[in-house]
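Got your viewer open and a hand on the selection tool? Let's take a walk through this protein, one stop at a time.

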Amino acid sequence: MASGGTYARLFNPIILFALLCAVLAGVGMHLHTERFITPESGVGYSLGIVGGSSMLLLLLYSARKRWAWLSLIGSVQRWFQVHMMLGLVGPLLILFHSNFRLGATNSNVALFCMLVVSVSGLFGRYFYGRIHVGFEVRKADFGALRAELDRLQQESEASPGMAEVAMQLKVGVLHFAEGLDRVPEVLRPPFIARRAWRLRRQLDRLVDEHLKAAARGGDVDRESRRRTRGFVAQYIDAARKVVEFAAYERLFSAWHILHLPLFFMLLLAGIVHVVAVHIY
């Protein structure tokens, strides 16, 4: 039941584009690009200009969100996608521009700031996806997730012979939030995910036992097992989202406070680098 959404996330265009950029970066690191790319002239110089310009264009997404009159250049959703792609293309071009090597102090500072901002952006995208619905720029509704849990609970109780599974689901998800106040904020999502994984394994075994008993020693109905396990996974996933929502919301707020100063530090380092290159 949940596999369709999982595949959709895995084959998200942004994820595929990020993987492509990672492959190109890996190839570039082993190509010895210094043999045909020179940062000071030709293709290498052009890569630096285009890469730096791509990083500057990242500001357009923030401007589009704040100023409605910029709707002429496209929707916020489209500019979010462009923002993510530029945040990957810019660093990739700069890496090729620098031949994947360190240089003068000012260029090293600019390169380090760029990589930090790029990695920070990937974390921000992950947090964003956990608290927003699609690209509609709105926070996931906590009450809607509760309603989803209630609906799944009613479906489980209506299924013949699944009363024990339903009871274990209720009891199990209640333990998700236990002791979270003693866990650092940044570690809460993986802590909750581990509990969800353990509960799912436990319930998968319980489902198999139930189906084997129902089959009276015969072969387990694979379709019934797949359908029931899918339901269990969907229920646990919804419960996990409810519990981890607050943690991701605070992590995203903290990330946003940190990301902006890093980006402006990148702009300053980039300007210093460009000035230094053309003066000395």
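The tour below goes from confidence to a pocket, then to some aromatic rings and two residues of one helix.

**Stop 1: colour by confidence**

What you're looking at is a predicted model, so start by colouring it by pLDDT. The protein averages 77, and 79% of its residues reach 70 or more. Now select residues 3-10, helix H1: confidence is lowest here, with a mean of 49. For the other end of the scale, pick residues 42-56, helix H3, where the mean is highest, at 87.

Next, select residues 1-8. The pLDDT is below 50 over this stretch, and beyond near neighbours in sequence it has 4 contacts in the model. Residues 134-141 also have a pLDDT below 50, but that stretch has 20 contacts beyond near neighbours in sequence. Where pLDDT is low, don't read the predicted coordinates in detail.

**Stop 2: the second largest pocket**

Select Ile94, His97, Gly270, His273 and Val274. Of the 33 residues that line the second largest pocket, these lie nearest its centre. The space in this pocket comes to about 890 Å³.

Which helix gives the largest share of the lining? Show helix H10 (222-279): the answer is H10, with 9 residues. Add H3, helix H5 (76-97) and helix H6 (105-131) to the view, since each of these, like H10, supplies at least two lining residues. If you colour the lining by class, you'll get 17 nonpolar, 14 polar and 2 charged residues.

**Stop 3: aromatic rings**

Time for some rings. A pair of aromatic rings is described by how far apart the centres are and by the angle of the planes. This model has 11 aromatic pairs.

Begin with tyrosine 61 and phenylalanine 80. Their rings sit edge-to-face, 5.5 Å centre to centre, with 65 degrees between the planes. Tyrosine 61 belongs to helix H4 (residues 59-66) and phenylalanine 80 to helix H5, so the pair links distant parts of the chain, 19 residues apart. Are these two buried or exposed? Tyrosine 61 and phenylalanine 80 are both buried.

Then jump to tyrosine 126 and tyrosine 248. Their ring centres are 5.8 Å apart and the planes meet at 70 degrees; over 60 counts as edge-to-face, so that is what this pair is. Because tyrosine 126 is in helix H6 and tyrosine 248 in helix H10, the pair ties together parts 122 residues apart in sequence. Switch on a surface and compare the partners: tyrosine 126 has 40% relative accessibility and counts as partly exposed, while tyrosine 248, at 4%, counts as buried.

Before moving on, select Tyr61, Phe80, Tyr128, Phe252 and Trp255 together: they form one aromatic cluster.

**Stop 4: two residues on helix H6**

Where is phenylalanine 112? Look in helix H6. Phenylalanine 112 has a relative accessible area of 57%, and the cut-off is over 50%, so it is exposed. Draw a distance from its C-alpha to that of leucine 266: the two are 8.6 Å apart in space, though 154 residues apart in sequence.

Finish with serine 120, which is found in helix H6 too. Serine 120 has 9% relative accessibility, and since under 20% means buried, it counts as buried. Which residues does serine 120 touch, leaving aside neighbours within four places in sequence? Select Trp255, His259 and Leu262: serine 120 is in contact with each of them. You've already met Trp255, as part of the aromatic cluster.

Conventions
Residues are numbered from 1 along each chain as its sequence is written. This is a predicted model: local features need pLDDT of at least 70, side-chain atom pairs count only at pLDDT 80 or more; totals for chains, interfaces and linings use all residues. Side-chain values use heavy atoms; hydrogens and water are left out. pLDDT is the predictor's confidence in each residue, from 0 to 100. Helices (H or I, at least four residues) and strands (E, at least two) are DSSP runs, numbered from the N terminus. Contact means heavy atoms within 4.5 Å. On a 1 Å grid over the protein atoms alone, a cavity is a set of points where a 1.4 Å probe fits but cannot get out, and a pocket is an open set with protein on both sides within 12 Å along at least five of seven lines; lining residues have an atom within 4 Å of a point. Grid points are joined across faces, edges and corners, and a volume is the space filled by probe spheres set on the points. Ala, Val, Leu, Ile, Met, Phe, Trp, Tyr, Cys and Pro count as nonpolar, Asp, Glu, Lys and Arg as charged, and the others, Gly among them, as polar. Rings of Phe, Tyr and Trp (its six-membered ring) pair if their centres lie within 6.5 Å; planes under 30 degrees apart count as stacked, over 60 as edge-to-face and the rest as tilted. Buried means under 20% relative accessible area, exposed over 50%, partly exposed in between (1.4 Å probe, protein chains only).
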